[in-house]
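Here are my notes on the model you sent over. Have it open beside you as you read.

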Amino acid sequence: MERNEPCWCGSGKKYKKCHMPIDEKIQLHADHGEIVPSRAILKTPAQIEMIRKSADLNTAVLDEVAKHIRIGMNTAEIDEIVYRFTTEHGGIPAPLNYQGFPKSVCTSLNNEICHGIPDENIIIQDGDIINVDVSTILNGYFSDASRMFKMGNVSERAERLVRVTEECVQRGLAAAKPWGHLGDIADAINTHAQANGYSVVEEIGGHGIGLEFHEDPFVSYVTPKGSEMLLVPGMMFTIEPMINEGSPDFFVDEDNDWTVYTIDDGLSAQIEYMVLVKEDGIEVLTK
């Protein structure tokens with residue numbers, strides 16, 4: 001930052017003169033009617049150090065999946081890889097038994113938006129797109145990320161959807177600034193998705209993370225720029241838009257009460273990063 005630029009905090013003071021304590025900066029925004037985080041949301045340096053270790057393992061788990069995922073394997077095999085690798089490295093798969101979820105990872109194919117349950121009867125086919133969503137507990141600290149895998153000869157429409165989803169995440173990340181707002185991220189993502197003819201799922205979004213699997217704030221990807229919670233250093237949350245080929249609407253599997261499908265059978269894609277707000281920008285912890 002140039003020395004004559006305003007401070008990130010929005011106080012209007014010049015950078016070299018702005019040494020306002022963080023609580024005062026937060027109060028400044030609260031006084032202007034903005035939604036601000038509670039102190040409990042902000043992670044301490046000691047907590048961040050421990051969460052980083054969890055995030056590193058989470059990334060390693062996804063890397064392990066990337067090495068072994070293949071056409072012809074069933075999704076239960078992905079679950080086995082995640083469970084084995086996580087536990088061998090001292091971690092616990094966060095999804096396992098979470099609110100009754102029966103497996104260690106979510107595997108969502110094609111028209112499944114999220115929360116797909118691994119199953120030995122679900123075989124990965126040539127042309128499938130699959131989201132693998134890994135979440136890890138290490139020494140009591142939580143991390144989360146998901147990747148899209150394009151299997152074999154995917155169609156042009158599937159290829160484009162995954163590419164635009166990647167672009168949406170990158171645009172959301174670029175829009176995230178300390179002392180900005182969650183709505184800045186949402187606007188960047190939603191604008192790019194709509195410009196490419198896609199929709200963003202509205203009722204399912206990202207979340208705070210670190211000390212618990214799901215913390216405040218809820219992270220929407222369809223709200224206006226300048227809206228939602230203030231981005232304060234120490235905040236940690238996921239950027240994970242779900243981009244649909246058609247309608248943003250969905251339904252939940254009546255049998256397992258978990259898997260979320262597109263209402264119109266269109267394709268859906270999701271990529272998830274976990275990020276930390278810092279004084280000088282945004283750090284990606286997992287992807």
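The points below cover cysteines, a charged patch and some backbone oddities.

1. Ground rules first. This is a predicted model, where local features need pLDDT of at least 70, side-chain atom pairs count only at pLDDT 80 or more, and totals for chains, interfaces and linings use all residues. Residues are numbered from 1 along each chain as its sequence is written, and side-chain values use heavy atoms, with hydrogens and water left out.

2. How many disulfides does the structure hold? The count is 0, taking a disulfide as a pair of cysteine sulfur atoms within 2.5 Å. Cys 106 is in none, and its nearest cysteine sulfur belongs to Cys 114, 7.5 Å away. Cys 114 is likewise in no disulfide, with the sulfur of Cys 106 as its nearest, at 7.5 Å. As a reminder, a disulfide is a covalent bond between the sulfur atoms of two cysteines.

3. Are those cysteines buried or exposed? Cys 106 is buried, at 10% relative accessible area, and Cys 114 is buried too, at 3%. The scale here: buried is under 20% relative accessible area, exposed is over 50%, and partly exposed is in between (1.4 Å probe, protein chains only). The areas themselves come from the Shrake-Rupley method with a 1.4 Å probe, and for residues only the protein chains shown count as cover.

4. Have a look at the negative surface patch: Glu 202, Glu 203, Asp 249, Asp 264 and Asp 265 form it. Patch residues have over 30% relative accessible area and no salt bridge, and like charges are joined within 9 Å. A salt bridge would be a side-chain nitrogen of Lys or Arg within 4 Å of a carboxyl oxygen of Asp or Glu. Asp 249 sits in the loop between strand 10 (242-244) and strand 11 (250-252), and is partly exposed at 43%. Strands are DSSP runs (E, at least two residues), numbered from the N terminus.

5. Now the backbone. Most residues other than glycine have a negative phi, and most peptide bonds are trans. The bond from Asp 216 to Pro 217 is cis, with omega near 5 degrees. Pro 217 is placed in strand 8 (residues 215-219).

6. Which loop holds Gln 99? That residue lies between strand 1 (92-93) and strand 2 (106-109). Its phi is positive, near 50 degrees, and Gln 99 is exposed at 62%.

7. Asn 139 also has a positive phi, near 55 degrees. Its place is the loop between strand 4 (129-138) and strand 5 (141-150). At 57% relative accessibility, Asn 139 is exposed.

How values were computed: Patches are made of residues with over 30% relative accessible area and no salt bridge: like charges are joined within 9 Å, nonpolar side chains (Val, Leu, Ile, Met, Phe, Trp, Tyr) within 5 Å. Lys and Arg count as positive and Asp and Glu as negative; His and the chain ends are not counted. The place of a charge is taken as NZ of Lys, CZ of Arg, CG of Asp or CD of Glu. Helices (H or I, at least four residues) and strands (E, at least two) are DSSP runs, numbered from the N terminus.
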